[in-house]
Amino acid sequence: MSDCIFCKIIRGDIPCAKVYENDKILAFDDINPMAPVHVIIIPKRHFSTLLDLDAENIDLAGDLIAAAQKVAEIKGIEGRGFRTVINCNAEGGQVVFHLHMHVLGGRKLSDELG
Ligand code: AMP
Ligand code: ZN
């Protein structure tokens with residue numbers, strides 16, 4: 001989508017600090033990190049929210065998880081632990097409407113989920 005900020009990052013119209021990439025997925029540092037490690041993982045294909053994944057493309061959820069494993073290894077936090085989050089729609093706290101997974105780590109995260 002032409003006006004989607006994450007699609008612009010995929011196209012290279014907006015720079016990012018790339019952490020990991022494959023044919024389906026791009027991962028980059030969050031511009032406003034909430035933890036020492038805060039990485040955003042996005043599918044290269046635009047989906048507004050996780051509700052837009054259907055039977056045909058639900059495998060992308062596994063691709064996001066596999067990318068989170070890679071990101072945790074690359075950032076060296078897989079042993080200490082980390083958290084993955086997908087916000088969905090307004091009350092879920094979603095601000096950017098291109099499906100994405102947060103990977104947070106590098107400090108003890110709050111027990112409170114929200
Ligand atoms: P969410 O609230 O789940 O929609 O999260 C959107 C995330 O995208 C926030 O943590 C933002 O800091 C992050 N973000 C927004 N614009 C950029 C950008 N240009 N580069 C990296 N991260 C961004
Ligand atoms: Zn997009």
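Here is a short conversation about two loop residues and the ligand site of a predicted model.

Trainee: What should I know before we start?
Mentor: Residues are numbered from 1 along each chain as its sequence is written, and chains are lettered from A and ligands numbered from 1 in the order in which they are written. The model is predicted, with local features needing pLDDT of at least 70, side-chain atom pairs counting only at pLDDT 80 or more and totals for chains, interfaces and linings using all residues, while side-chain values use heavy atoms, leaving out hydrogens and water.

Trainee: Is threonine 49 buried or exposed?
Mentor: Let's place it: threonine 49 lies in the loop between strand E3 (37-43) and helix H2 (59-75). Helices (H or I, at least four residues) and strands (E, at least two) are DSSP runs, numbered from the N terminus. Buried means under 20% relative accessible area, exposed over 50%, and partly exposed in between (1.4 Å probe, protein chains only). Because its relative accessibility is 6%, threonine 49 is buried.

Trainee: Which backbone nitrogen does the side chain of threonine 49 reach?
Mentor: A polar contact is a pair of N or O atoms within 3.5 Å; within protein, one must be able to donate a hydrogen and the other to accept it, and residues adjacent in sequence count only if both atoms are side-chain atoms. Here the distance is 2.9 Å, and the partner is leucine 51.

Trainee: Is arginine 45 buried or exposed?
Mentor: Arginine 45 also has its place in the loop between E3 and H2. Beyond residues up to four places away in sequence, arginine 45 touches Asn57 and His98 (heavy atoms within 4.5 Å). Its relative accessible area is 53%, so arginine 45 is exposed.

Trainee: How far is the C-alpha atom of arginine 45 from that of isoleucine 10?
Mentor: Along the chain, the two residues are 35 residues apart. Their C-alpha atoms are separated by 9.1 Å.

Trainee: Which element gives the largest share of the shell around ligand 1?
Mentor: Ligand 1 is surrounded by 16 residues (a heavy atom within 4 Å), with Asp30 and Gly93 among the closest. Helix H1 (5-11) and strand E2 (25-29) each supply at least two residues of this shell. With 3 residues, the largest share comes from H1.

Trainee: Which residue has a backbone N or O atom 2.7 Å from an oxygen atom of ligand 1?
Mentor: Ligand 1 has several backbone partners to look at. A nitrogen atom of ligand 1 is 3.1 Å from a polar backbone atom of isoleucine 31, and an oxygen atom is 2.8 Å from one of valine 96. At 2.7 Å, the residue is valine 95.
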